[in-house]
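Trainee: I would like a close look at a single part of this predicted model, namely its largest pocket. Which residues and elements line the largest pocket, and how is the lining divided by class?

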Amino acid sequence: MKIKQIICLALCLAMLSCTACRKNNTELSSNSSNTSTPLLSSTANDNSSLSSSPTESTTSSKVNTPTSNTQSTESIDFERMYGLKSLESVGYICYKDIPNGEAQYEITEVLNDKGQDLKISCDYTFDSKDIKIDGLIVTVPAKYKAKHKSVKGTATHRLSGITLDFELKFAHNYKLIFEDEFEGDTLNTDIWADIWDTGLEHEIRDEYSYGYVKENVFLDGEGHLINRVKALPEKNKYGKPIYTSSLISTENGFESRYGYYEMSVRPHLTTGLWGAFWILAGDMDDDNAPEDNSTKNGVEIDIFETLMSKNAARHALFWDGYGWFQVGDEWVTKTQGHGVMAPEMPEIFDGKFHKFALQWTPTDFIFLIDDQVTYRWTGTEGCDQPGYMLISSHVNSEGTGELLLKPGEYTDMIVDYVRVYSSDESYK
């Protein structure tokens, strides 16, 4: 019996020992599992551990997190990417500047640091919302122009975003120095001091003959100047009627240079002639003017010549005087010139008044019809000599069609006003 009890007791002790071993192994495994996460977390947040491991260092270098050092040294190579480092200057010209009206400027160049012109690759903004830009044309309203002498703008290169601030300075400060509204019944001959009276057949153009007579220029008593062309019963040697016309000028009455010259007029409403508003400056009316092929010392400026047959007006410049000389059996004029037809504008022959103007600067002659630029001439160094104004009508079938007036009939060019504004350049 004792032996059996001893054996049972030995078996129980053995079983208890196995159970204790299994329990210890389980607790060890559990403890290892619980400590694995904190250990890994600590390693991941340990910068020294990361830097000591080549794999972890490479991974870290790919992280795109800028530090204060990288922010201070990082820059874009604009020259390599866009071919420029900076914008250097903005150039512009006065496209038009109407007294008491809007002004327009054309951006002519935006130079970068290499001297390249990037004007068409830039956008433009201005400090005032009143300033408008369409393409390269900047429009300044009359109210803004009246209160300011300039406006600040910014040119931005579209691709690179490089900017340049600039100041657009307004070109002119106009003063009204001449105005004739043609009120009353009598022309002011203190101003219009020269009224031509040449008699018949003073001018012969093609087969047409005409002369200038005082009776054909007068005021109508309603605020208008009348410039008349009339057909006479007399015939010339070509069997054509002889016509009378008129020409008046401010020679010895008023002269000026530069500025803005404007006439409001209802043109002749017939073919075969042109009415004209023009200026003679410097030595142009001197037959001995030097042949320097330049307008600088003298010029004829035809602000307009209306040609109803073409539904248009013509602008022209002539220089080197009116002198004639003989070459063999022919007489040749030394006059040089350039004329251009304005765009077709049938509306100027609608029987209403229209504005024809010249903006004369030290370098440019800018022609306008109803406030729109129709021609710009910059080719002959401008003209720095003062000139006087003329109003006249001329008979000529060349390019103008037939003049179909019957004897006793007439056609009138009616002038509402003439105004001259002096610009800054005029009184410097």
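Mentor: By class, 13 nonpolar, six polar and nine charged residues make up the lining of the largest pocket. The volume of this pocket in the predicted model is about 830 Å³. Its lining comprises 28 residues, and those closest to the centre of the pocket are R205, W274, E300, F318 and Y322. Several strands give two or more residues each to this lining: strand 10 (203-205), strand 15 (247-249), strand 17 (273-282), strand 18 (298-307), strand 19 (312-319) and strand 26 (387-395). The greatest contribution is that of strand 17, which supplies four residues.

The second largest pocket may be set beside it. This pocket holds about 370 Å³ of space, and 18 residues line it, with K145, H148, H172, N173 and Y174 closest to its centre. Here the largest share of the lining is four residues from helix 6 (residues 142-147). By class, this lining has six nonpolar, six polar and six charged residues.

The nonpolar cores complete the picture. In the largest core, which has 43 residues, W360, F365, I391 and V418 have the most contacts inside it. Apart from neighbours within four places in sequence, V418 is in contact with F178, E179, D180, F182, W192, E262, M263, F277, M389 and I391. A second core, separate from this one, has 24 residues, including L87, V110, Y124 and V138.

Key:
Residues are numbered from 1 along each chain as its sequence is written. This is a predicted model: local features need pLDDT of at least 70, side-chain atom pairs count only at pLDDT 80 or more; totals for chains, interfaces and linings use all residues. Side-chain values use heavy atoms; hydrogens and water are left out. A nonpolar core is a set of buried Ala, Val, Leu, Ile, Met, Phe, Trp, Tyr and Cys residues joined through side-chain atoms within 4.5 Å. Buried means under 20% relative accessible area, exposed over 50%, partly exposed in between (1.4 Å probe, protein chains only). Contact means heavy atoms within 4.5 Å. On a 1 Å grid over the protein atoms alone, a cavity is a set of points where a 1.4 Å probe fits but cannot get out, and a pocket is an open set with protein on both sides within 12 Å along at least five of seven lines; lining residues have an atom within 4 Å of a point. Grid points are joined across faces, edges and corners, and a volume is the space filled by probe spheres set on the points. Ala, Val, Leu, Ile, Met, Phe, Trp, Tyr, Cys and Pro count as nonpolar, Asp, Glu, Lys and Arg as charged, and the others, Gly among them, as polar.
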